[in-house]
Amino acid sequence: MTGKTLFEKVWERNTVTEEAPDRPAILHVGLHLVHEVTSPQAFTVLKERGLKVRRPDLTLATIDHSVPTLPPGPDGELPYATEAAKHQVETLRQNCREHGIELLDLDDPRRGIVHMVGPELGRTHPGRVVVCGDSHTSTHGAFGALAFGIGTTEVGHVLATQCLFQRKPKTYRVHFEGQLTDGVTAKDMALAVIARLGMDGGTGYVLEYTGEAVEALSMEGRMTLCNLSIEAGARAGMVAPDETTFAYLKGRPGAPDDLDAAVRSWSELRSDPDATYDASVTLDASAITPMGTYGVSPHEAAGLGGSVPEGTASDVALGYMGVHEGQELSSIKVDRVFVGSCTNGRIEDLRLAASILRGRRVDEKVRMLVVPGSEAVKREAETEGLDAVFREAGAEWREPGCSMCIAMNGDRGEPGELVVSTSNRNFRGRQGEGVRTVLASPATAAASAVTGHLTDPRTLGAEA
Ligand SMILES: CC(C)[C@H](C(=O)O)[C@@H](O)C(=O)O
Ligand code: SF4
């Protein structure tokens, strides 16, 4: 018998009914995360059919996409962008109350972006199936969980049954040889992977990231890497749990009571040496440099020391971005910078951005917004004085939420502006109508804020 991959082991642990030619497998869901945007119709279906939530204890809700990042006005009211946004928040509140689901509400010190709070609270465990009506659920794969986004209809299924129909995806090993060099981050690794695989190179697969450069990453870095798996079309991304994972979980409220026993079981969750994958690719980690995107899809990315490559993005995409083939990436002028999101809104990301801004100023033509991904990150950053560093440099420091990653809450750029953003999607109009997005690491974002053009942070002496 040949060995098994990490994915296969997690799949087996959670299979209720095997897949058959005429029907998908049924998986048990260990953690169902819920947010205000994709849950309302699912709850409506439950109501229409008179169904209850099967496992409120395995369900956790938070408010992130629609919430303003500015504090309440003089009237005590939050400055919601639209009535619809306010309504989504109120609807989630009502649904959670009705079904006994724990909600991290706006006054809850544990609230944050959905993919931040699961890990922070210790609710994301190795070996679990984690789902959410949100594509970047892949983030949780950093713990060796099988984590993926589901549609609103499936959100309803999981609420009602705690189970999910699923066809077994194929396995793809993404192996890194060697170590990252100074000033290069998990975000650059992720963009390098997507650039290599292409926008749909991962379609139908679960990626497993392996190699010493992955093992050397903190949990924050692993989350950044897994977060972006979906942008190569993959179903999920995973990293085998190890001492770094166990140390992160230790002492968190949602960690198992008998952590030692759990760690013994989790330690088996790694691919066997003789396991076979359906596909594999190897990247040289030491050759990766700070990356930036130049097109309107995350795979249109290149090293910042280079230029826009020939024939990799359409004329329409380059026209929208206002760049041309052969143009040096470092010549791209920047109007705004956004540091935040479930990709790069964690404490390590803010520390990195602050390390570059300390003692420097944001260029006078650039507006910079820093949005912590959760209340916990905000508190930690303020304790360390990072908020002061950002403010003194001329950046704005806001309340936690998705913010300009998706611009659903009113935080957006003006038409034609170019934003260097630490988020995960550079689609047309993602950060506001006509706004152009360059995806990059927090170090690159901060360095670009200082110089006013897309900048390799190593030129400012950055060490990740
Ligand atoms: C709003 C939500 C459905 C969406 C997603 O699924 O990812 C959002 O979080 C995003 O990042 O585009
Ligand atoms: S921060 Fe961005 S990518 Fe993450 S959940 Fe929010 S909108 Fe989606």
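Before I begin, one definition: Ala, Val, Leu, Ile, Met, Phe, Trp, Tyr, Cys and Pro count as nonpolar, Asp, Glu, Lys and Arg as charged, and the others, Gly among them, as polar. With those classes in hand, I can tell you that the shell of residues around ligand 2 divides into six nonpolar, six polar and two charged. Please keep in mind throughout that what you see above is a predicted model.

Let me stay with ligand 2 for a moment. There are 14 residues around this ligand, and those that come nearest are Ser341, Cys342, Cys402, Cys405 and Ile406. Two elements each give two or more residues to the shell, namely α4, which covers 114-120, and α12, which covers 341-344. Which domains supply at least three residues each to the shell around ligand 2? They are domain 1 and domain 3.

Ligand 1 has a shell of its own, made of Val37, Thr38, His65, Asp134, Ser135, His136, Gly149 and Ile406. By class, two of these residues are nonpolar, five are polar and one is charged. You may notice that Ile406 has now been named twice, since it belongs to the surroundings of ligand 1 and is also among the residues that come nearest to ligand 2.

Now let us step back to the whole protein chain, for which the domain assignment gives domain 1 at residues 6-166, domain 2 at 170-286 and domain 3 at 307-456. If we take the centres over C-alpha atoms, domain 1 and domain 3 are separated by 27 Å. The two are nevertheless in contact, with 21 residues of domain 1 meeting 20 residues of domain 3. On the domain 1 side of this contact, α4 gives the most, with four residues, and by class that side has 10 nonpolar, seven polar and four charged residues. The helix α4 is therefore worth finding on the screen, because it was also named among the elements of the shell around ligand 2.I will finish with three pairs of packed helices. Two packed helices are described by the angle between their axes and the distance between the axes.

The first pair I would like to show is α2, residues 40-48, with α5, residues 152-161, which pack at an angle of about 50 degrees with their axes 8 Å apart. That angle makes α2 oblique to α5, and the crossing of the two is right-handed. On α2 the contact is made by Gln41, Ala42, Val45 and Leu46, and on α5 by Thr152, Val155, Gly156, Leu159 and Ala160. Six of the residues in this contact are nonpolar, three are polar and none is charged.

Next come α13, residues 347-357, and α16, residues 442-451, whose axes are 8 Å apart at an angle of about 30 degrees. Angles under 35 degrees count as roughly parallel, so α13 and α16 are roughly parallel to each other. Asp349, Leu352, Ala353, Ile356 and Leu357 in α13 meet Pro442, Ala443, Ala445, Ala446, Ala447 and Val450 in α16. This contact has 10 nonpolar residues, no polar ones and one charged.

The remaining pair is α6, residues 186-197, and α8, residues 219-227, whose axes come within 8 Å and cross at roughly 25 degrees. Are these helices roughly parallel or roughly antiparallel to each other? They are roughly parallel, and α6 passes α8 in a right-handed crossing. Their contact is made by Ala186, Lys187, Met189 and Ala190 of α6 together with Gly221, Thr224 and Leu225 of α8.

How values were computed. Residues numbered from 1 in each chain as written. Chains lettered and ligands numbered in written order. Predicted model: local features only at pLDDT ≥ 70, side-chain atom pairs only at ≥ 80, totals over all residues. Axes fitted to C-alpha atoms, helices over the stretch in contact; angles between N-to-C directions. Parallel < 35°, antiparallel > 145°, perpendicular 65-115°, else oblique. Left-handed = near helix turned anticlockwise from the far one by under 90°. Contact = placed C-beta atoms within 7 Å. Near = placed C-beta within 6 Å. Domains from an automatic or database assignment.
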